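Biologist: Please give me a close look at one part, the second largest pocket, and then at its surroundings. Keep the sentences short.

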Amino acid sequence: MTRSRRRSLQRAAGSPRPGLKALRRRDTVTGLLFTAPWIIGLLAFAVVPVLVTLAWSFMKVRLSGQSEWVGVDHFVEMLQDRRLGTAVVNTLIFMGVGLPLQLLLSFAAALLLRSLNRLRVPFRAIVYLPTVIPAVASVYLWRWMLDGQHGVFNTILGALGLPPVAWIGEPGWARTSIIVMILWASGTTVIIYLAALLTVPRELYEAASIDGAGRWRTIISIDWPSVRNVTTFQLVMGFIAFSQLFAQSFLLVQTNSNPTAAGPSDSLLTISMLIYHEAFVFSDFGYASAVAWALFLVTLAGSLFIIRRSDRTQGQA
Amino acid sequence: MTVRRKLSRIVAAGGAVAVLMGLAACAGDSSEDGPTKITFSYLWAGDEAKIVESLIETFNESQDDVVVEGISNPDGAAQLASLSGSRAQFDVSDHFGESVGAWVDQGLLADLTPFIEADQFDIDDFVPESIEPLTVDGNVYSLPLSAYTYQLVYNKKAFEEAGLQPPTTIEEMLEAGRALTTTENGRVTRLGFGPVQLKGMNWQLGGEWTKDGEPAPTTDEAVASLQLYLDQIAGLDESAVRSFVASFGDYWSADNPFFNGQVAMVIDGPWLISMSERYAPDFEYGVVEIPVPAAKPELAGTAPLNVSTVFIAANSEKKEAAWEFVKFMVSPEALLAFNVPTTNIPARSSMAASPELAELGPNYQAFVTSLNEGQLKYLPAAPWTVEYGALMATAQNEVYDGTTSPQDAVARLVEAAKGLGE
């Protein structure tokens, strides 16, 4: 290669030609044009509304536009709101009972699925099936099954000579029904656990077997620790999902005549449901926004706490 | 031409088409040379929607200035979202009177007073109590399509078998309730009356929910209202009673506990008549005034009132045309066409004696008489009206679920009510 040819190549590599620069600019413009609908949608339907609700949480909102600042009044009001207290307690009950159950049962189901060699695929589909049914359709299905008079559960109880149960009529049973509905639709959690379990190195089980570990010891000492990262992920996702619990409890007791129906003794009133009532039934958008932001901050703090705690535990291990 | 350039042109052309479509949509609303087109978005569906569509058709055929397009959209949240936009997605809609105060506070409803005055519209023909819950600071924001008073409806066969007459006092109602409540092997098989609504019963006992226009419940009557149901079921296993109540079927069905004999008397509205025709055509029942305490005969005729309304959206740009349609919807002809099939009550006093209403029978007439001659009770139009009603419902549910006493529930309600007025 001649010296002049080498120089010319170095120049080309170090400083782009004017044509290349224009091409890159055109690429950027084309890319922006293609992504513009999504970016505009994100800004219009997510970013801007979120920022608006932040402002609204400090305002007495009038939808006609004549809103006024009220400072932290809504946040002070939250401390005295008995209904919000009920919603927080209910949400914590659902989370405290439902989330551990969901994780343990999903893990157990994943272990079972893993042990089914040939039948794994059809059973995996069966477990996942409820997840693909839209929430509204599945809740209405449950509503029919839990019906006090014609529901399939009470029909079975009647056939066995047992008294009917007020599945949606008594606080304890109503909450139980919600948790059962959530567990029924935990297919995603099961599948993620199953995927994680299938990646555990076979050598670990062989070593355990040589050491004389039984089935239970293997689960405790190999399976469960091996999916710890997945459990942290499931815990965070479950924590967020239970914090925002709405569709199941709202649809199970929704009636035309009572827009604030929340089950017996408000036993199904969750924080998200209360936000909906405040905004769309009581037209108090300012207070609803304040509760929504409080929920967001608590959920964020809780999620970070779970992740940090998990990191620390893993570090110690 | 490079592929990239072609794509850029396609994107640009797509954007241009979108802009043109938007402009075309705007131009479509223009009505310089033809009738003004307005939209009536209503919450009804099913048979009621058919009646509304037929009324819209009648209106459109009756004149050439305004064309109404009807949209059935039984979604309250969507209705509220549309009302809060800068530009109306509908011009006229309907709702219940209880929402008027909050929506006026939000600036969502057009003030109808200037139209009423300019047109010399005879608002005095409406029962005054049906207009007052729609009025804020002397201005009217909605007009009533139907007014609902509540009455005591009783199962004739159950009363005859027990040798009872319909009650005329609260004491008689409690006595009849106990006599008609039946059990079998410890299980409740029928209640005289179901869980009593706190809001209405407080008025029946002479109580009030407001003082000087602000939320302030009278405590003695509110406690007595909640105690009434508890007194009826005293001595029964409370959990058995709750299980029985929880087994009640859907209200809008043949499983309605009144139709299937699980409850012998209910406090309900006139729509129960058309419901019974649909779901329980052979069921025999009677309608009487809701009883009042024997010691307070001056309360006779007291009845809770609710109103179904039609209004113009504040963000409508065609309020004049919308007013023409609202006027039609509350005209005697339209009110008859809407209320007779649904057995609701037109709120115009001049229609009380109309033969079409008389044909609906004595049970229906009891509701008409109550509307026109009774002592009607309602919450005023205020920003807190709906929330106050929800607080009352919570208090009553807590008592009937056995989680608190009537005294404690009412004490908490009094405290919560103070917060509403602030």
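Modeller: A word on labels before the pocket. Helices here are DSSP runs of H or I with at least four residues, numbered from the N terminus. Keep in mind that this is a predicted model.

Start with the space itself. The second largest pocket has a volume of about 1,300 Å³. Its lining is made of 38 residues. Closest to the centre are A:Glu77, B:Glu387, B:Ala416, B:Gly419 and B:Leu420.

Now the helices. Chain A brings α3 (73-80) and α4 (82-115) to the lining, each with at least two residues. Chain B does so with α4 (100-105), α17 (385-400) and α18 (406-421). Which helix supplies the largest share of the lining? It is α18(B), with nine residues. By class, the lining divides into 17 charged, 13 nonpolar and eight polar residues.

Two of these helices are also joined by a salt bridge. The side chains of B:Glu398 and A:Arg82 meet at 3.4 Å, N to O. This pair crosses between chains: B:Glu398 sits in helix α17 of chain B, and A:Arg82 in helix α4 of chain A.

That leads to the interface. Here, 32 residues of chain A are in contact with 34 residues of chain B. The two chains bury about 2,800 Å² between them, and 51% of that area lies on carbon and sulfur atoms. Three residues, A:Leu63, A:Gln149 and A:Phe282, supply 19% of the area that chain A buries against chain B. No other three residues supply as much.

Next, the charged and polar pairs. How many salt bridges cross the interface of chain A and chain B? The rule finds three, while a search of the whole structure gives 18 over all chains. Besides the B:Glu398 pair, described above as crossing between chains, there is a salt bridge from B:Asp105 to A:Lys60, with the closest N and O atoms 3.2 Å apart. Between chain A and chain B, the count of residue pairs in polar contact is ten, with both residues at pLDDT 80 or more.

Look at the chain A side of this interface. Helices α2 (18-56), α4 and α14 (271-281) of chain A each give two or more residues to the side that touches chain B. Of these, α2(A) gives the most, with six residues. By class, the residues on this side are 14 nonpolar, nine polar and nine charged.

So much for the chain A side. Helix α4 of chain A links the two topics: α4 is among the helices that supply the pocket lining, and α4 also gives residues to the side of chain A that touches chain B.

Key. Residues numbered from 1 in each chain as written. Chains lettered and ligands numbered in written order. Predicted model: local features only at pLDDT ≥ 70, side-chain atom pairs only at ≥ 80, totals over all residues. Heavy atoms only, no water. 1 Å grid on protein atoms, 1.4 Å probe; cavity = no way out; pocket = protein on both sides within 12 Å on 5 of 7 lines; lining within 4 Å. Points joined across faces, edges and corners; volume = space filled by probe spheres on them. Nonpolar A, V, L, I, M, F, W, Y, C, P; charged D, E, K, R; others polar. Contact = heavy atoms within 4.5 Å. Buried area = accessible area lost by both parts, 1.4 Å probe. Salt bridge = Lys/Arg side-chain N within 4 Å of Asp/Glu carboxyl O. Polar contact = N/O pair within 3.5 Å; in protein donor to acceptor, adjacent residues only side chain to side chain.
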